[in-house]
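Work through the exercises below with the sequence and the model open side by side. Try each task before reading its solution.

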Amino acid sequence: MRVWGILLVFFCWSCKEEKPPKEVSRGIYYWKSNFKLNASEKEILEKCKVEKLYIKAFDLDWDFVKKRAIPKASIRFEDSVSKKTALIPTIFITNQVIKQITDNELDTTTFFIKKHLESTFKGKPYNEIQFDCDWTISTREKYFSLLRLLTKRFADKHLSATIRLHQIKFAHKTGIPPVERGMLMFYNMSNWKKAQIKNSIYDLDAASQYLSTLDDYPLPLDLVMPIFRWAIVYRGEKLLTVINNLDSEILSKLNFFSQKENKYWVQEDTSAFGISLRKGDMIRVEEVPFEELLKGSRTLHNKISTQKLTFALYHLDQPNITFYGNEELSQIYASFE
């Protein structure tokens, strides 16, 4: 009888420790100024069963001439969206806005944001609005004040905010934004301006130093992972430019480069990709292997304590679809469920 009692206690303890499965919704970002989907993009939404579309509504930037915040790159809808897909307007706010705006201008700015958003998304239903800002220790109080005022201004909507990895690790310094949910951006992990780093978009070794306190973060977290790629051009240690969608497959076919891992050195003065290159210039290709995305997804599945969340990809674009393909994108979504 005593043995059975011990076994029963152990069984109950095991049941208590086992976590219920996560309830995962699938999302994807649309980060272009014209909303128009081609056949491949529509097919991805359908085949991957994407439920949420995070659409960049506009950038909010600071105009130093007018001395106020102004919208830039506002979305223009040239295509409709399936009624099965929830729209989440996403507004990117530059740090210059937060630095330059005065406390007295904050409430007026929230009125302006609401008015412009309603004009941009006229007739389109949405229940959530997301704000994207890489705030710092010095700008956090003003940014958080803006978010509190936006919560009142959009009283009938759910508000979320993007969260960078450094804001997870140093939450005691950077603070917790006063919104309902955070969207953890699991990319842009290193300073892309530095020539010596390995991959600024995605590096699991670099990310590991930020994850020790992830399961203690007090805000419910959603997750977005990268499917974009680019190449960064340097002359010496100086950053020259960034070229989107330029990958190793393209560079490896050209005979005026020498290569080591994901870095390519120009061997002779030439012109390529719409720019002039000099001998000695270096191009670092930053792309995210499919297997590394799966590994990161599985790691975060165990680290994020939120049980009901959205797993999203950044971003919906034909070159990204072509690079991975429908099957791999489907597997990336499935890896978090």
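The exercises go from the whole chain to its salt bridges and then to its pockets. The model is predicted.

**Exercise 1. Overall form**

Task: Describe the secondary structure, the dimensions and the burial of the chain.

Solution:
- Step 1. Count the elements. The chain has 12 helices and 18 strands.
- Step 2. Test compactness. The radius of gyration is 22 Å, and the globule rule gives 20 Å for 337 residues. The two values are close, so the chain is as compact as a globular protein of that length.
- Step 3. Take the dimensions. The C-alpha trace spans about 85 × 55 × 45 Å along its principal axes.
- Step 4. Check burial. Of the 337 residues, 47% count as buried.
- Step 5. Look at the contacts. Among those with a separation of 6 or more, 73% come from residues 24 or more positions apart.

**Exercise 2. A salt bridge between two loops**

Task: Find the acidic partner of Lys32, then decide whether each of the two residues is buried or partly exposed.

Solution:
- Step 1. Search for salt bridges. The whole structure holds 18.
- Step 2. Pick out Lys32. Its salt-bridge partner is Asp317, with 3.1 Å between the closest N and O atoms.
- Step 3. Place both residues. Lys32 sits in the loop between β1 (23–30) and β2 (34–35). Asp317 sits in the loop between β18 (308–314) and α11 (318–324). The pair links distant parts of the chain, 285 residues apart.
- Step 4. Apply the cut-off. Buried means under 20% relative accessible area. Asp317, at 14%, therefore counts as buried. Lys32, at 25%, counts as partly exposed.

**Exercise 3. Buried charge pairs**

Task: Which residues pair with Asp132 and with Glu286 in salt bridges?

Solution:
- Step 1. Start from the principle. Side chains of opposite charge can pair when their charged atoms come close.
- Step 2. Take Asp132. Its side chain meets that of Arg164 at 2.8 Å, N to O. Asp132 is in strand β7 (residues 128–132), and Arg164 is in the loop between β8 (158–163) and α6 (165–169), so the bridge ties together parts 32 residues apart in sequence. Both residues are buried.
- Step 3. Take Glu286. Its side chain forms a salt bridge with Arg284, at 2.7 Å from N to O. Glu286 and Arg284 are both buried.
- Step 4. Look for shared partners. Salt bridges join Lys32, Glu41 and Asp317 into one network.

**Exercise 4. The largest pocket**

Task: Give the volume of the largest pocket and say what lines it.

Solution:
- Step 1. Get the volume. It is about 1,000 Å³.
- Step 2. List the centre. The pocket has 32 lining residues, and Arg164, Met185, Asn188, Trp192 and Trp230 are the closest to its centre. Arg164 is also the salt-bridge partner of Asp132.
- Step 3. Assign elements. β3 (52–63), β6 (86–93), α6 and β12 (238–244) each give two or more residues to the lining.
- Step 4. Sort by class. The lining has 15 nonpolar, 10 polar and seven charged residues.

**Exercise 5. The second largest pocket**

Task: Which element gives the most residues to the lining of the second largest pocket?

Solution:
- Step 1. Get the volume. It is about 320 Å³.
- Step 2. List the lining. It has 15 residues, with Thr85, Ala86, Leu87, Pro125 and Tyr126 nearest the centre.
- Step 3. Name the element. β6 gives the most, with three residues.
- Step 4. Sort by class. Six lining residues are nonpolar, four polar and five charged.

Definitions and conventions:
Residues numbered from 1 in each chain as written. Predicted model: local features only at pLDDT ≥ 70, side-chain atom pairs only at ≥ 80, totals over all residues. Heavy atoms only, no water. Salt bridge = Lys/Arg side-chain N within 4 Å of Asp/Glu carboxyl O. Helix = DSSP H or I, 4+ residues; strand = E, 2+ residues; numbered from the N terminus. Buried < 20%, exposed > 50% of the residue type's maximum accessible area, 1.4 Å probe, protein only. 1 Å grid on protein atoms, 1.4 Å probe; cavity = no way out; pocket = protein on both sides within 12 Å on 5 of 7 lines; lining within 4 Å. Points joined across faces, edges and corners; volume = space filled by probe spheres on them. Nonpolar A, V, L, I, M, F, W, Y, C, P; charged D, E, K, R; others polar. Rg over C-alpha atoms; globule rule 2.2 N^0.38 Å. Contact = heavy atoms within 4.5 Å.
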